[in-house]
Amino acid sequence: MERMALAAVEQALRAPSVHNTQPWRWRIDDDRVELFADPDRHLVATDPGARDLVLSCGAALHHLLVALAAQGVDAQVDRLPDPDDVTHLATVTFRSGAGPAADATLAPQIPLRRTDRRRMSHRPVPADLLQELAEHARGAGAVLFPTHRGDLRARLAAALADAARQQQEAPGYITELTVWTHRYAGARDGIAPGNLAASSVGAPLDAPSPLRAFPQGRLAQPGPPLGHGLADDAAELVVVATPADDVLDRLRAGEATSAVLLAATRAGLSTTPLSQGMEVDATREAIRLDILPMAESPQLILRLGWPATGAPTLPTTPRRPLSAVLLPAMRRHP
Ligand SMILES: Cc1cc2nc3c(=O)[nH]c(=O)nc-3n(C[C@H](O)[C@H](O)[C@H](O)COP(=O)(O)O)c2cc1C
């Protein structure tokens, strides 16, 4: 069983995380895997409420459950099992008869999924595919709101531009951005220039990009089709939201994010998680009030679109090895 657990945690490490901080620690025991948040990897200036940190761990939890299901392991999940330890986010116990805890068919997408920050295609994402992705989010305890109707997209773009302006002035924000995009040689975390676009994307030329402004990278932008600007595309922006906004909701939102990203990858879509609008209280509140139709709590924005014609496969991003994230086991049985 331990070999299966190790293999599944190894898959979970491929989950997306804010700035590729990989803010998790794991413990493997006889019949269980425990997931802990790693507060030492918290981006205090970028993510003061630790929302991104918990979402990242939620995505890793869902990757773990998919990997276990693909190995035929039945599992029961206890979220936030220890009221005395807020960093203990989940315990997954192997229990035959409990059934698979996630959709095993998503497992082949784990090594294929990438965060794509380039211009996408002008081919629209069909409504029924967005509906299918919303079902994946719902299955993991969250909802997915599209923003293409009416003036929602314009309001969302305004909130994102506002968040970007405010973060430029926030003490420590630029330092964290610099630290996590300029790792030392051989580092196995952070974002490398090969995954950052050389120019901005995702908006008409006269509007600000909805994407986070990273230091300029080396990733070439695919050329636009005739009649289109270099920067605009038909990518959808969808909002992942939950009924409330406590730690459990954030964990669930991370799980739903993983489910949507893996299902989108299977459908051939490129994907970009965008958290800037949620990191600034005022813009998150604006998104909640002006964009969501119900009293839901927004957690993350996902950009989803077809890859541009001829766009090459993105390089894989690094991950720390298992040995760096495993806590010592606490054997329960002699
Ligand atoms: C909670 C969360 C927030 C993120 N926010 C952003 C963001 O604002 N902009 C961005 O380009 N990528 C964002 N990402 C993507 C990460 O940077 C990415 O997952 C990480 O660099 C690893 O790369 P990979 O997804 O290609 O494996 C976010 C990911 C998560 C899970």
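The legends below describe close-up views of one predicted model.

**View 1. The open sheet of four strands in the predicted model, with strand order β5-β6-β8-β7.** The pairing within this open sheet is antiparallel, and its edge strands are β5, covering residues 143-146, and β7, covering residues 270-274, each of which pairs on one side only. Averaged over the sheet and with direction ignored, neighbouring strands are turned by 30° against each other. Strand β6, residues 236-242, is joined to β5 by four bridges, the two strands running antiparallel, and Val143 stands opposite Ala241 of β6.

**View 2. Helices α3 and α4 against the sheet that contains β5, β6 and β8.** Helix α3, formed by residues 127-139, lies across β5, β6 and β8 (297-305), and its direction runs at about 150° to that of β5. Helix α4, formed by residues 152-169, packs on the sheet and touches β5, β6 and β8, while its direction makes about 75° with that of β6.

**View 3. Strand β4 and its pairing with β2 and β3.** Seven of the seven residues of β4, which spans residues 88-94, are buried, so this strand is largely enclosed by the rest of the structure. Strands β2 and β4 pair in the antiparallel sense over five bridges, and in this pairing Arg32 stands opposite Thr93 of β4. Strand β3, residues 75-79, also pairs with β4 in the antiparallel sense, over five bridges, with Val92 in β4 as the bridge partner of Val77.

**View 4. Two loop residues, His19 and Ala50, that have positive phi although neither is a glycine.** His19, with a phi of about 55°, is placed in the loop between α1 (2-12) and β1 (24-29). The relative accessible area of His19 is 5%, and this residue is therefore counted as buried, the cut-off for that class being under 20%. Ala50 has a phi of about 60° and lies in the loop between β2 (32-37) and α2 (51-70).

**View 5. Salt bridges within helices α3 and α4, taken from the 15 that a search of the whole structure finds.** Side chains of opposite charge can pair when their charged atoms come close. In helix α3, the closest N and O atoms of the salt bridge between Arg138 and Glu135 are 3.2 Å apart, and because these two residues are three apart in the helix, they are separated by about one helical turn. Arg138 is partly exposed, with a relative accessible area of 44%, and Glu135, at 42% relative accessibility, also counts as partly exposed. In helix α4, Arg165 forms a salt bridge with Asp162, for which the closest N and O atoms are 3.7 Å apart; these residues, too, lie three apart, about one turn of the helix. Arg165 counts as exposed at 54% relative accessibility, whereas Asp162 counts as partly exposed at 28%.

**View 6. The salt bridge between Asp245 and Arg250, and the network to which these residues belong.** The closest N and O atoms of Asp245 and Arg250 are 3.1 Å apart. Asp245 counts as partly exposed, with a relative accessibility of 27%, whereas Arg250, with a relative accessibility of 13%, counts as buried. Salt bridges that share partners join Asp245 and Arg250 with Arg51 and Arg284 into one network.

Notes: Residues numbered from 1 in each chain as written. Predicted model: local features only at pLDDT ≥ 70, side-chain atom pairs only at ≥ 80, totals over all residues. Heavy atoms only, no water. Pairing = 2+ DSSP bridges. Axes fitted to C-alpha atoms, helices over the stretch in contact; angles between N-to-C directions. Contact = heavy atoms within 4.5 Å. Buried < 20%, exposed > 50% of the residue type's maximum accessible area, 1.4 Å probe, protein only. Salt bridge = Lys/Arg side-chain N within 4 Å of Asp/Glu carboxyl O.
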